[in-house]
Amino acid sequence: MACGAAREEKSDTASLELLPSAPRKMNENKPGGSQNSTCVFCRKNDDCPIKYGEKKTNEKWNLTVHYYCLKCSVCKKTGASIGCVAPRCKRSYHFPCGLQRECIFQFTGNFASFCWKHRPVQIITSNNCRDSLLCTICLEFIEPIPTYSVLRSPCCKNAWFHRDCLQVQAINAGVFFFRCTVCNNSDIFQKEMLRMGIHIPEKDASWELEENAYQELLQHYEHCDVLRCRCKEGRDYNVPDSKWEIKCCQCCGSSGTHLACSSLQSREQNWECLECRSILYSAGEFQKAKKHSLPKTNVGINDCLLEESSPKLPRQSLGDQHKDLLRQGSKFRRDISTLIIELGFQVKKKPKKVVINKANIWNSALDGFRNRNFNPSYAIDIVYVNENDHFGREQPGSKQEFLSLLMQQLENSPLFEGSLSKNLSLNSQALKENLYYEAGKMVAISLVHGGPSPGFFSQTLFNCLAYGPENTQPVLDDVSDFDVAQIMIRVNTAATVADLNSLVNDYYKYLELIGCLRLITSISDKYMLAKDILVYHVIKRVQAPFESFKQGLKTLGVLEKIQTYPEAFFHIFCHKPENLSAKILSDLFTVHTLSDVQTLGFWNSYLQAIEDGKSTVTMEDILIFATGCKSIPPAGFKPNPSIECLHMDFPVGNKCNNCLALPITSTYKEFQESMDFAIKNTLRLEKEENSHFI
């Protein structure tokens, strides 16, 4: 070691140039002046050239260093000012070099540094983990073995992270929001992460520092939500100190009514929306409101009873009332549209552009959602491109249309199996490409961003998501494989022990392979055998796809919401929306104030003719033509669909604004022919464009 130092001494005489104004003249030949000096790096007086290297002193600044303390143990260059705190360890290094050699720097306490030989490690007493698990931040597979680059949560034993993912999260979240991604523990979690060298800055979260991040909280809700709004100027019309002033629900503040629409005499009168009122009444705390006398107007009796003013309630502060509702809300079934609207509150208004090739929706969506700049918590701005357009021109697209097309392709993808009620399939290529996770994320994004629900899940798949596979019992209808279904039928129809043993012999290798081989002693054993085969084929066989899909469904908190309110989500996940009727469409579209009365009459007659089967156009065709969706999304349309009457030859659907322009014609026949021709041909062309699949 001394020989090596001697060989390098001449070439490294400039090693002290990092010291302030280090002169060339050093006291190298003054042992008396340097023996009692302390090294500024290791704080030792020892003068042992063999062990520490020769001591060198800057006379002007009276700074002394050991030659080896000055050199980096990694890159062998000068300027190494960080040393390992382990006793008797003399390694020193630059900070970047230390990171390269996987040293650990603790950003707490005495800011200790540990070299690669003495760094702290995480100890696991037993490892019952599978071959690979997901990093709960980036959701990529990692080996569940504690290393420098892989860390385990101290509070959730099966939660694993990449070190780089944790560091990025810590920088963004800051000390006030950095916590375990699984159980939200902060104290134990932060203590362990600081020990393992994660820097947690003492600052507010990055999302809290965004300019006008919570500007929408300052906006006052101004929209009339009663079933039948009486205001001719529209639901958003608000004139303070008049009967058309909008008053918000005193409990939730997220619904409103014109004073006149709910027969309120003044804005001081209490009013709750229907949902809050149902919670209050169901709790049994208040008596049912007495019906009000009908106002002396031309309004019919049925219309007046659609909305009633609120009963007299004990005076409470808004905060107390809100707490009461939250306390009671978990006891009652929640409306699905309200739940999804609540999920939508986390979406920031700042839009992020997603470029979609309409002829290849699936791959375009994958590319867009996997883009490093994509954030599901930002509003989605869809633009369409045509692969045949050499100029790369972009056209604005409808977000709800895109999500509707995406859910259709997901339903028909090889990720699911079955006819109507579908379960996850076992597709090794899709699993390798992490497509099950992407599929779960697509479903979550569609729901939160106002798109349609799946509507094709089997009850077994939904129960596995909501209650866990261990609490779910599949049924024979879940088996889509013909051969497996035949085995199940033979098991269920076996009449004797001999028949059952014969079946076991016929399928011995298969039963052994799937772990369902059992000794048959009585005919009743067939029930356990059938259950074992069923659970394996429907649940255990697709465990890896299921876990990946479930992780994707956690996007924006959707899975947590499903598990909290499973009854509310069951219908939209396992059933298609109700069939559209003439009344539903008529009520769905808001008519502009200045519209042609005759054309509106033609419109209503046209809807009735479709319902009576007198047209080849369907109600779904009209909705797709105007909005891009064939059904009403669970959270409704945004903006609300509207109708206007214009002097034109054919109707026009503006899917970005959910607006349908009707042609003004002189006869109903002209109106019907114009509508039929435009709608059928437009949808036919769009169907041809969207014919590509995964």
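Why is α16 largely enclosed by the rest of the structure? Hold that thought while I set the scene.

This is a predicted model, where local features need pLDDT of at least 70, side-chain atom pairs count only at pLDDT 80 or more, and totals for chains, interfaces and linings use all residues. Residues are numbered from 1 along each chain as its sequence is written, and side-chain values use heavy atoms, with hydrogens and water left out.

First, the overview. The protein chain has 27 helices and 21 strands. Helices (H or I, at least four residues) and strands (E, at least two) are DSSP runs, numbered from the N terminus. Of the 694 residues, 45% count as buried. Buried means under 20% relative accessible area, exposed means over 50%, and partly exposed lies in between, with a 1.4 Å probe and protein chains only. The accessible surface comes to about 38100 Å². Carbon and sulfur atoms hold 51% of that surface. Areas come from the Shrake-Rupley method with a 1.4 Å probe; for residues, only the protein chains shown count as cover. Now contacts, meaning heavy atoms within 4.5 Å. Among those between residues at least 6 apart in sequence, 61% join residues at least 24 apart.

Back to α16. Seven of its nine residues are buried, so the helix is largely enclosed by the rest of the structure. The buried ones are Thr460, Leu461, Phe462, Asn463, Cys464, Leu465 and Ala466. What do they pack against? Two strands, β16 (416–417) and β17 (423–424), and the helices α20 (525–538), α21 (543–553), α22 (558–564) and α23 (566–574). Just after α16, Gly468 takes a positive phi of about 100°.

Now look at Ser458. This residue lies in the loop between α15 (435–448) and α16 (459–467). Ser458 is buried, with a relative accessible area of 1%. A polar atom of its side chain lies 3.0 Å from the backbone nitrogen of Leu461. Leaving out residues up to four places away in sequence, Ser458 touches Ser421, Lys422, Asn423, Asp478 and Cys574.

Another loop residue is Pro376, between α12 (361–370) and β14 (378–385). Beyond its neighbours within four places in sequence, Pro376 contacts Ile445, His449, Thr555 and Leu556. Pro376 and Val347 are 29 residues apart in sequence, yet 7.8 Å apart in space, C-alpha to C-alpha.

Next, a sheet. Which strands make it up, and in what order? It is an open sheet of four strands, β18-β19-β21-β20, with mixed pairing. The edge strands are β18 (590–591) and β20 (652–654), and each pairs on one side only. Two strands pair if DSSP finds at least two bridges between them. Walk across it with me. β18 runs parallel to β19 (residues 642–646), joined by two bridges. There, Thr590 has Ser642 as its bridge partner. β19 and β21 are also parallel, with five bridges. Cys645 stands opposite Leu662 in β21. Then the sense changes: β20 and β21 (residues 659–663) are antiparallel, over three bridges. Gly653 has Leu660 as its partner in β21.

Last stop, the surface. Trp207 sits in the loop between α7 (187–195) and β11 (246–248). At 32% relative accessibility, Trp207 counts as partly exposed.

To close, the helix again: α16 has seven of nine residues buried.

Definitions and conventions:
Polar contact = N/O pair within 3.5 Å; in protein donor to acceptor, adjacent residues only side chain to side chain.
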